[in-house]
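Q: Could you zoom in on a single part of this model and take me through it slowly? I'd like to know which pieces sit beside which, and what that looks like residue by residue.

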Amino acid sequence: MLVPREMEPKTRLPLVIRIKVASGDLDWSIPPGSQLLFRDVLDVIGQVLPDTTTTAFEYEDEDGDRITVRSDEEMKAMLSYYYATVREQEVNGQMIEPLQIYPRACKPPGKRNIHGLKIADSLLLYLPCVEERVPRAIFKPDWCI
């Protein structure tokens, strides 16, 4: 994704993305003017977290809210926000902070249902006339012949 020139900071420093993970942060430097795609970010996160499937990542906005990025379009909005922040830091003579992202890992199937919930057999009553699958103790509706 090429970022429009007006979005980039004046100093043309490399974009530094800090990937925040439990084992420690990793800084990734991207040369100015480089094409950066959402998939590229996921690939780097995959190298940092090889045993984890990542389909999105988050960044924090000015209010401290986490914003999820799942596409090139959302990443463009993130970069726009970040470059506006960098321009403000440049004007105020502040040190430029890296763009911090937080990988969102998919839960493996075994961890999605941590309480072992199951669909009740009584829901089978809603299937028309499947009485052989419905326990005998359950009321048989009139409409099931």
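**The strand pairing around β5**

A: Let's start with β3 and β5, which pair antiparallel over four bridges. Keep in mind that this is a predicted model. β3 covers residues 54-60 and β5 covers 99-105. One spot to click on is E58, which stands opposite Y102 in β5.

E58 has a partner on another strand, too: in β4, its bridge partner is T68. The β3 and β4 strands run antiparallel and are joined by four bridges, with β4 taking up residues 66-69. These two make a hairpin with five residues between the strands, and G64 there takes a positive phi near 85°.

Back to β5, which has another neighbour as well. Three bridges join β5 to β1, and this time the strands run parallel. Look for I19, whose bridge partner in β5 is I101. From β1 you can step on to β2: β1 is residues 15-19, β2 is residues 26-30, and five bridges hold the antiparallel pair together. I17 stands opposite W28 in β2. Here again you get a hairpin, with six residues between β1 and β2, and G24 in the turn has a positive phi of about 135°.

Now for two side chains worth a closer look. Which way they point is partly a matter of strand geometry: in a regular strand, side chains alternate between the two faces of the sheet.

T54 belongs to strand β3. T54 counts as buried because its relative accessibility is 12%, below the 20% cut-off for that label. Leaving out residues up to four places away in sequence, T54 touches L42, I45, P103, R104 and A105.

R104 shows up in that contact list, and R104 itself sits in strand β5. With 34% relative accessibility, R104 comes out as partly exposed, since that label covers values between the buried and exposed limits of 20% and 50%. Its contacts, again skipping residues up to four places away, are T53, T54, T55, A56, F57, E58, T68 and R70. E58 is on that list, and although R104 and E58 are 46 residues apart along the chain, their C-alpha atoms are separated by 7.0 Å.

If you're thinking about grids and probes, this same region reaches into the largest pocket. About 220 Å³ of space lies in it. β3, α2 and β5 each supply at least two residues of its lining, but the largest share, four residues, comes from α2. The full lining is Y59, E60, Y81, Y82, T85, Q89, E97, P98, L99, Q100 and Y102. By class, that splits into six nonpolar, three polar and two charged residues. Y102, the residue opposite E58, is one of the lining residues.

To put all this in context, the protein has three helices and five strands, and from the N terminus the order is β-β-α-β-β-α-β-α. Of the contacts with a separation of 6 or more, 49% are between residues 24 or more positions apart. Buried residues make up 28% of the 145 in the protein. As for the outside, the accessible surface comes to about 10,100 Å², with 53% of it belonging to carbon and sulfur atoms.

Technical notes: Residues numbered from 1 in each chain as written. Predicted model: local features only at pLDDT ≥ 70, side-chain atom pairs only at ≥ 80, totals over all residues. Heavy atoms only, no water. Buried < 20%, exposed > 50% of the residue type's maximum accessible area, 1.4 Å probe, protein only. Contact = heavy atoms within 4.5 Å. Areas by Shrake-Rupley, 256 points an atom, 1.4 Å probe, with all protein chains shown as cover. 1 Å grid on protein atoms, 1.4 Å probe; cavity = no way out; pocket = protein on both sides within 12 Å on 5 of 7 lines; lining within 4 Å. Points joined across faces, edges and corners; volume = space filled by probe spheres on them. Nonpolar A, V, L, I, M, F, W, Y, C, P; charged D, E, K, R; others polar. Pairing = 2+ DSSP bridges.
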